[in-house]
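I opened this entry to keep a record of what I looked up, going from the whole sheet down to single residue pairs.

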Amino acid sequence: MDKYSRARKFMIKDLKARGIYDKNVLRAMEKIRRDLFVPRSYKESSYEDTALPLIKNQTISQPYTVAYMLQELELNKGLKVLEIGAGSGYNAALITEIVRPGRLYTIEIVKELVKLAKNNLKKAKVNNVRIIEGDGSKGYEKEAKYDRIIFTASAPEIPKPLKDQLKDTGIILGPVGGDYGQSMIKCKKIKKEFDCQNLGGFIFVPMKFEV
Ligand code: SAH
């Protein structure tokens with residue numbers, strides 16, 4: 001039990017009521033303390049269904065969006081996953097919790113956020129995440145290929161290196177569109193072709209591209 005156990009249970013109840021049914025996702029969100037990933041001044045709002053500011057104009061996504069994306073990512077034990085945009089490290093902690101002993105690699109372009117994510121993951125005692133500092137639009141060739149790729153900053157289209165680094169039958173998911181509104185796109189790779197679905201409108205911070 002911790003100070004926010006009750007609030008976390010309410011969050012789970014609310015997520016279920018809004019259509020989140022994936023047991024892996026619900027279990028991970030009940031276990032991982034979001035309050036450990038939220039800045040001190042917003043702790044009391046940790047379990048409200050809202051996005052919260054981090055540092056450097058970045059945000060931790062609202063719980064419903066996180067749950068929805070992870071449910072659509074069809075995660076299971078043993079998968080190898082790549083995330084673009086570690087931010088607070090919260091999403092990384094959830095994915096790790098679900099796929100263990102499979103592994104999660106997460107790329108973050110802002111140095112201060114790499115440090116923040118590392119510290120938060122340590123506080124939450126999640127210790128098998130690999131955080132790489134760099135431009136995630138290029139993917140992470142060294143550990144490719146991946147069963148799942150999720151990007152949590154929006155891009156005008158799915159970056160090609162990410163498509164290349166996805167395994168056959170793998171799933172890639174993220175917000176695609178302009179800076180002020182995007183569609184959540186989910187694609188399955190089938191024999192080098194991509195079968196894509198539009199899951200509806202969302203708003204994310206834009207992906208930065210190294211020049
Ligand atoms: N998944 C995060 C929230 C991500 S916010 C969480 O759970 O808290 C989007 C993040 O993407 C920001 O931290 C931003 O710095 C990062 N980002 C933007 N462009 C990027 C790029 N090209 N490569 C890696 N990270 C990037």
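The notes below follow the sheet, beginning with its strand order.

**Entry 1, the sheet.** I kept in mind that this is a predicted model. I looked up the strand order and found an open sheet of seven strands, arranged 5-4-3-6-7-8-9, in which the pairing is mixed. At its edges I noted strand 5, residues 129-133, and strand 9, residues 193-202, each of which pairs on one side only. From one strand to the next, the twist averages 15 degrees.

**Entry 2, the side of strand 5.** I then asked which strand is joined to strand 5, and by how many bridges. Strand 4, covering residues 104-108, runs parallel to strand 5 and is joined to it by five bridges; as one pair of residues I wrote down Leu104 with its bridge partner Val129 in strand 5. Across strand 4 and strand 5 lies helix 5, residues 111-123, and I noted that its direction is at about 170 degrees to that of strand 5.

**Entry 3, strand 6.** I turned next to residues 146-151, which make up strand 6, to look up whether they are buried or exposed. Six of the six are buried, so strand 6 is largely enclosed by the rest of the structure. Strand 6 pairs with strand 3, residues 81-84, in the parallel sense over four bridges, and here Glu83 has Ile150 of strand 6 as its bridge partner. Strand 6 is also joined to strand 7, residues 166-178, by four bridges, and these two strands run parallel. For this pairing I recorded Arg148, which stands opposite Ile171 in strand 7.

Technical notes: Residues numbered from 1 in each chain as written. Predicted model: local features only at pLDDT ≥ 70, side-chain atom pairs only at ≥ 80, totals over all residues. Heavy atoms only, no water. Pairing = 2+ DSSP bridges. Axes fitted to C-alpha atoms, helices over the stretch in contact; angles between N-to-C directions. Contact = heavy atoms within 4.5 Å. Buried < 20%, exposed > 50% of the residue type's maximum accessible area, 1.4 Å probe, protein only.
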